[in-house]
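Trainee: Please give me a close look at one part of this model, the pairing of its strands. Then carry on from there to the ligand.

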Amino acid sequence: MVATITRFFTIEEGEPTMTLATRPRGTNDILPADAELWLELEEKIRRVCHAYGFGEIRTPIFEHTELFQRGIGDTTDIVEKEMYTFTDRGERSLTLRPEGTAPVVRAFLENKLGSGPLPVKLYYYGPMFRYERPQSGRYRQFTQFGFEILGSDDPLLDAESIALPLELYEACGLDGFEVEINSIGCPECRPAYRAALVDYFEPQRDKLCQSCQSRLDRNPLRLLDCKVKGCQPIIASAPTISEYLCADCTDHFSQVLSYLDVLEISYNVNPRLVRGFDYYTRTVFEVKYAALGAQDAIGAGGRYDGLVEECGGQPTPAVGFAVGVERLLLALKAQDKLGESKKSPLAYLIHFGGETKLEAARVAHYFRKRGIWVEMDYMDRSMRAQMKAANRLASRYVLIFGEEELAAGQVLVRNMGDGQQELKDLQQLDELITALGACEK
Ligand code: AMP
C-alpha cells in the first residue's frame with residue numbers, strides 16, 4: 001500500500017494490507033495537534049450558529065434504513081451504492097447515517113418540535129458515513145456541520161442559509177470560494193422538465209455512459225450531475241430547468257436572488273446544478289473552492305419542502321445546508337490559514353527521583369486541580385534530558401526540585417524566556433501560581 005500523507009488525512013492508494021494496526025479505508029485519525037484546529041473550528045461554528053439563533057440537535061449515528069431510502073430517494077447514488085447498512089441482532093435493518101437532514105426531520109417529527117413557534121432552527125455536527133471511493137477530500141467517514149430551518153418557505157431563509165456558512169468560511173479566514181445556485185422547481189413544474197429531458201436524451205441514449213443510461217430510465221435529472229467526460233457535450237446542450245419553472249417557483253427564485261443581493265453575497269446561477277438527493281425542491285446551492293480539485297464542494301444545501309410530509313408529518317417547508325469539515329480544513333490548509341497550535345504548559349517540573357519526585361507530584365497535582373497545565377518527567381531522565389523536554393514543549397517555566405532546595409522548603413523557578421532564576425517557597429503554592437502569572441482556567 002502507498003500512503004500519501006497530507007497534513008491531515010492519509011489517503012491509501014491500492015488495496016491496503018490488513019493488519020491490526022491499519023484503520024479501515026477512507027477513515028482518518030485526528031491526532032492531538034490537529035484536534036486543536038478542529039476544536040477551534042467547532043468553536044467558530046457554535047459562535048456563528050448562536051448569532052443566527054440555532055439550537056444544536058444530536059441524533060443517533062444509525063437510523064432505520066427506510067428513513068434514508070424514503071428520504072434521500074431509492075434511485076440516488078447514496079441509497080443505491082453508498083450506505084453502510086447492517087442487520088442488528090433483532091433482525092432490524094439499520095444504516096449508519098450518510099447525511100444529517102433526514103435524521104433531523106425524523107427527530108423534528110418524533111419530538112413534535114413543530115408544535116412550538118416556527119421556524120425551528122437546528123444545527124448538527126458529527127460523523128457521516130458513505131461507501132465512496134476514497135481520495136483527497138472524499139472519505140468513507142467524514143464530518144459534517146449542517147443546519148436545517150423547518151416551517152417556513154420564506155425565500156429570505158434560503159438566502160440566510162447561504163449567508164450562514166459564508167460567515168463561517170470568512171470567520172476562518174477563507175476567501176476565493178464561489179457560490180452556485182439554481183432552482184430545480186417543485187412537484188408542479190418538474191414533471192414537464194423531466195419529460196423534456198427524456199425527450200432530449202432518449203435519441204442519444206447510445207452515446208451516454210452506462211450510469212446515465214440507467215439514470216435516464218430512473219431519475220433523468222441526475223444525468224445533469226454526471227462527471228463522465230463523454231457525456232459532457234450532450235449534457236451541455238440539454239434543456240435547462242429555468243424554461244420550465246412554474247410562476248411560483250420563478251417568483252420564489254427571483255426573491256432568493258434579490259435577498260442575496262441585499263446581503264451582498266455574490267453568486268453564479270448555474271442552471272445545471274442538481275443535487276444528489278431526491279428531497280430537494282426549488283432552491284439548491286453549492287459552495288466551491290477550486291483549489292481542492294475534483295472534490296471542490298466545501299458545502300451544499302437547498303430547500304426541501306416535501307420531506308417532512310414524506311416522513312409522515314404535516315406539510316412543512318424547510319431549507320438546510322451542510323459543510324464538509326475535512327474539506328474546509330483542507331481549503332484552509334491550501335490557503336495557509338491554519339497556523340500551528342500555540343498551546344504550551346505553564347511549567348515543566350524537573351525532579352531527581354525519590355523525595356524530589358514525590359514533591360513534584362504533589363505540586364503538579366495542586367496546579368492541575370486549578371486547571372493549570374504542568375508537565376513532569378515519568379521516565380527517570382537526566383536533568384539535561386528533562387530540560388530538553390521542557391524546551392520541546394515550549395514550557396514557559398521550569399520548576400527544579402533539587403534535594404537541597406527541598407530541604408529548605410523551596411523550589412528553583414526558571415523563566416525559560418529570559419533565563420532568570422528565583423527560589424520560591426513551596427508552602428505558598430497559591431503565591432507561586434500568582435507569581436507565574438497563570439490564569440489558564
Ligand atoms: P452532501 O451531503 O452530499 O450535500 O455534501 C455536503 C458537503 O459534505 C459536501 O459539499 C462536502 O463538503 C462534504 N462531503 C460530502 N461527501 C463527502 C465525503 N465522502 N468525504 C468528505 N466530505 C464529504
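Mentor: Two strands count as paired when DSSP finds at least two bridges between them. Strands are DSSP runs of E with at least two residues, helices are runs of H or I with at least four, and both are numbered from the N terminus. This is a predicted model, in which local features need pLDDT of at least 70 and side-chain atom pairs need 80 or more, while totals for chains, interfaces and linings use all residues. Numbering runs from 1 along each chain as its sequence is written, and side-chain values use heavy atoms, with hydrogens and water left out.

Start with the hairpin. Strand β17 covers residues 410–415, and β18 covers 421–425. The two run antiparallel and are joined by 5 bridges. Gln410 has Asp425 of β18 as its bridge partner. Between the strands sit 5 residues. In this hairpin, Gly419 takes a positive phi near 75°.

Now the open sheet. It has 8 strands with mixed pairing. Their order is β3-β7-β8-β13-β12-β11-β9-β10. The edges are β3 (55–56) and β10 (268–269), each of which pairs on one side only. Look next at β11, residues 281–288. It is antiparallel to β12, with 6 bridges joining them. Thr281 of this pair stands opposite Arg303 in β12.

This leads to the ligand. Its shell holds 16 residues (each with a heavy atom within 4 Å of it). The closest are Arg130, Glu132, Tyr139, Arg275 and Ala297. Three strands each supply at least two residues of the shell: β8 (141–150), β12 (297–303) and β13 (318–324). β12 gives the most, with 4 residues.

Next come the polar contacts, which are pairs of N or O atoms within 3.5 Å; within protein, one must be able to donate a hydrogen and the other to accept it, and sequence-adjacent residues count only if both atoms are side-chain atoms. Arg130 places a polar side-chain atom 2.8 Å from an oxygen atom of the ligand. Ala297 uses a backbone N or O atom, also 2.8 Å from a ligand oxygen. Gly299 brings a backbone N or O atom to 3.3 Å from an oxygen atom of the ligand. On its own, the ligand has 490 Å² of accessible area (Shrake-Rupley method, 1.4 Å probe), and the protein covers 93% of that.

Several loops deserve a check of their backbone angles. Most residues other than glycine have a negative phi, and most peptide bonds are trans. Leu118 and Pro119 are joined by a cis peptide bond, with omega about -5°. Pro119 sits in the loop between α4 (101–110) and β7 (120–129). Phi of Glu91 is positive, near 65°. Glu91 belongs to the loop between β5 (85–87) and β6 (93–96). Its relative accessibility is 66%, so Glu91 counts as exposed (over 50%; buried is under 20%, partly exposed in between, with a 1.4 Å probe and protein chains only). Ala394 also has a positive phi, about 55°. The loop of Ala394 runs between α13 (383–392) and β16 (397–400). At 48%, Ala394 counts as partly exposed.

One last stop follows the hairpin in sequence. Asp430 lies in helix α15, residues 429–436. It is partly exposed, at 45% relative accessible area. Arg370 is 60 residues from Asp430 along the chain, yet their C-alpha atoms are separated by 9.9 Å.
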